[in-house]
Amino acid sequence: MSLPVRVPYSPGGKRLPVRDIHRPVSLKVIFSVKGVAKMAQIPLVDLRAQFGQLRAEIEESILSVIETSDFILGQQVSFLEEEFARYVGARFAVGVSSGTDALVLLLKACRIGPGDEVIVPAHTFVATAFAVSLVGAKPVFSDINEHDSNVDVSKIPDVISERTKAILPVHLYGRMADMEGLQRIADRSGLLLIEDACQAHGASYNGKKAG
């Protein structure tokens with residue numbers, strides 16, 4: 001099998017202009033089966049199935065915001081914050097522009113910055129490590145386990161140093177990390193435990209929702 005990747009291509013298979021080269025949305029991959037070359041299109045992200053199920057509700061909500069011109073920190077944001085806080089069992093929820101910003105704000109609130117280290121999983125979306133770097137701290141990668149791809153609790157003590165300030169597990173693919181094991185290590189080592197729950201909204205661990 002040979003995989004020469006040709007990028008960038010639009011969903012329709014047309015090559016994008018040079019000005020759009022920074023935003024490819026799919027890959028064209030050539031592969032061979034019994035000597036016959038074939039072309040397959042592999043979308044990087046395809047959220048159309050979810051959108052199709054919620055289309056009417058989403059379009060109604062967007063139209064409502066447009067009609068009221070309530071674009072920034074409006075009533076819908078307040079509603080989301082209140083409902084989401086109730087859903088996850090938190091006292092408060094604060095809407096921000098991205099998961100990266102959420103992590104940056106949390107790290108700053110915890111006074112983590114230059115000279116500090118934060119343990120993150122070796123397998124996660126780049127924003128987890130980027131957020132640590134953006135506050136001036138150093139992300140320290142710890143290995144994951146085989147059964148759910150979350151951080152391996154048994155490996156974390158090996159990367160704790162005198163500069164470690166927090167452990168930042170990620171609940172990957174909707175599966176929650178071992179929070180009890182992580183909490184024991186954090187308590188024993190005097191570290192903060194900060195959850196990255198961007199990929200696990202609604203997941204629960206021993207009756208507690210992610211985040």
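**Briefing: contacts, fold pattern and a parallel sheet**

Among contacts in the chain between residues at least 6 apart in sequence, 49% join residues at least 24 apart. The model is predicted. The chain has 5 helices and 9 strands. One set of 4 strands forms an open, parallel sheet.

**Chain overview**
- Read along the sequence, the pattern is β-β-β-α-α-α-β-α-β-β-α-β-β-β.
- The chain holds 211 residues, and 29% of them count as buried.
- Its accessible surface comes to about 14100 Å². Carbon and sulfur atoms account for 56% of that surface.

**The open sheet**
- Strand order in the sheet is 5-4-6-7. The pairing is parallel.
- Strand 5 (138-142) and strand 7 (192-193) are the edge strands. Each of these two pairs on one side only.
- Helix 4, residues 126-134, packs on the sheet. This helix touches strand 4 and strand 5. The direction of helix 4 makes about 150° with that of strand 5.

**Strands 4 and 6**
- Strand 4 covers residues 117-121, and strand 6 covers residues 164-167.
- The two strands pair in the parallel sense over 3 bridges.
- Glutamate 117 stands opposite threonine 164, a residue of strand 6.

**Points to locate in the structure**
- Which strands does helix 4 touch? They are strand 4 and strand 5.
- Which residue of strand 6 stands opposite glutamate 117? It is threonine 164.

Notes. Residues numbered from 1 in each chain as written. Predicted model: local features only at pLDDT ≥ 70, side-chain atom pairs only at ≥ 80, totals over all residues. Heavy atoms only, no water. Pairing = 2+ DSSP bridges. Contact = heavy atoms within 4.5 Å. Axes fitted to C-alpha atoms, helices over the stretch in contact; angles between N-to-C directions. Buried < 20%, exposed > 50% of the residue type's maximum accessible area, 1.4 Å probe, protein only. Areas by Shrake-Rupley, 256 points an atom, 1.4 Å probe, with all protein chains shown as cover.
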